[in-house]
Amino acid sequence: MEDKFVRVGIRPLPRPSATVRKWRSGTPVVSIAVLGLIVLGCLCCEFFIPKEPTYMDLFNANVAPNAEFWFGTDTMGRDIFSMIWSGGRLSLFIGFFATLISTLIAVIFGAASGLAPRWLDELLMRANEIILSVPSLLLVVLIQAILGKANAVSIAFVIGVTSWTSIAKVVRTEVLQLRNSEYVVAARCMGAGFFRVLWKHLAPNFLSSIMFMVVMNIRSAIVAESTLSFMGIGLPLEVVSWGSMLSLSEKALSSGSWWIILIPGALLVVTLLCVTNIGNYLRKCANHGESKL
């Protein structure tokens, strides 16, 4: 067959390598595409939502999905289709901002513990284990009660400062393996400070190991926000988010308005499944890289 290609002057296309084929087969393309569409829809919702998300049309309360209200209305007459996309932007902001806070705390705390003397490392790890042993939801409720009335920034902050302990343990383990490397020792001997050593020499080597945990923290933060709102201690009802929409579930079930809970819940579940698939893929990639080493 190859001789025929050569005789007619046609060169066969090179076949993709086994690594490329394996990457294509293992990449969660559908999850990435669906999550990208959801994020893009939430960010650009002003261009296509038909109603104002916070407008209460009491004459059209508890209306089932129809030509005017595609996903129906809630108990206060708000358009659920518009609320889903507008509220999703707030929920995603809380998820990403809380993850940013928790990652920064985890990286700094874990690196400080890994580079510290043995006695200080033991002390920091005992403190980390004490915090880790307390249910995170209980800590979130306690800190939010101290801060007072909830808003998007305060909820993201509270979730962020209570969800860093697991990542910190992984960072500390990685730093313990890297602290005696020649480039780290040379940098410290030349007078480089803690943060320069961390961002310049340590972080590039352990970021791949914690990336899947960072992605999973986004999922956990969105779930935590929804749980708090469902319990009535999260965002107020007038602030539209996926969690505040789900907090109407009791009234929805009692009135038979299934669309109020089913449609936002379905979109939330799809988002969480996509994030979970992407996180699992990053974990497999990290494990594959470690096995090569």
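Here is a short back-and-forth about a predicted model of one protein chain.

Me: What makes up the chain, in terms of helices and strands?
Reply: The chain has 13 helices and 0 strands. Read along the sequence, the pattern is simply α-α-α-α-α-α-α-α-α-α-α-α-α.

Me: How much of the chain is buried, and what makes a residue count as buried?
Reply: A residue is called buried when its relative accessible area is under 20%. Of the 293 residues in the chain, 42% are buried. As for the surface, the chain exposes about 16400 Å², and carbon and sulfur atoms supply 67% of that.

Me: What share of the contacts is between residues 24 or more positions apart?
Reply: Taking the contacts with a separation of 6 or more, 69% come from residues 24 or more positions apart.

Me: Why is the pairing of Glu46 and Arg89 called a salt bridge?
Reply: The cut-off is 4 Å between a side-chain nitrogen of Lys or Arg and a carboxyl oxygen of Asp or Glu. Glu46 and Arg89 come to 2.7 Å, N to O, so the pair is within 4 Å and earns the name. Glu46 sits in the loop between α3 (29-43) and α4 while Arg89 sits in helix α4, so the pair ties together parts 43 residues apart in sequence. In general, side chains of opposite charge can pair when their charged atoms come close.

Me: Why are Glu46 and Arg89 called partly exposed?
Reply: Partly exposed covers what lies between the buried limit of 20% and the exposed limit of 50%. Glu46 has a relative accessible area of 48%, and Arg89 has 29%, so both fall in between.

Me: How do you know that Glu68 and Lys51 form a salt bridge?
Reply: Their closest N and O atoms are 3.2 Å apart, and the rule asks for within 4 Å, so the pair passes. Both Glu68 and Lys51 lie in the loop between α3 and α4, and they are 17 residues apart. Glu68 is partly exposed at 46% relative accessible area, and Lys51 is partly exposed at 30%.

Me: What makes Arg126 and Glu129 a salt bridge, and how far apart are they in helix α5?
Reply: The closest N and O atoms of Arg126 and Glu129 are 2.9 Å apart, so they meet the 4 Å cut-off too. They are 3 residues apart in helix α5 (residues 118-133), which means about one helical turn separates them. Arg126 has a relative accessible area of 38% and Glu129 has 36%, so each counts as partly exposed.

Me: Which residues are linked with Arg126 and Glu129 in a network, and how many salt bridges are there by this rule?
Reply: Glu122, Arg126 and Glu129 are linked in a network of salt bridges. The count by this rule comes to 6 salt bridges.

Me: Which residues make the nonpolar surface patch, and which elements do they come from?
Reply: Leu100, Leu104, Ile108, Phe195 and Trp199 make a nonpolar patch of about 470 Å². Helices α4 (80-115) and α10 (194-231) each give two or more residues to it, with α4 giving the most, 3 residues.

Me: How do you know that Ile108 has enough accessible area for the patch?
Reply: Ile108 lies in helix α4. A patch residue needs over 30% relative accessible area; Ile108 has 31%, so it clears that limit. Ile108 is still called partly exposed, because 31% is between 20% and 50%.

Conventions: Residues are numbered from 1 along each chain as its sequence is written. This is a predicted model: local features need pLDDT of at least 70, side-chain atom pairs count only at pLDDT 80 or more; totals for chains, interfaces and linings use all residues. Side-chain values use heavy atoms; hydrogens and water are left out. Patches are made of residues with over 30% relative accessible area and no salt bridge: like charges are joined within 9 Å, nonpolar side chains (Val, Leu, Ile, Met, Phe, Trp, Tyr) within 5 Å. Accessible areas come from the Shrake-Rupley method with a 1.4 Å probe; for residues, only the protein chains shown count as cover. Helices (H or I, at least four residues) and strands (E, at least two) are DSSP runs, numbered from the N terminus. Buried means under 20% relative accessible area, exposed over 50%, partly exposed in between (1.4 Å probe, protein chains only). Contact means heavy atoms within 4.5 Å.
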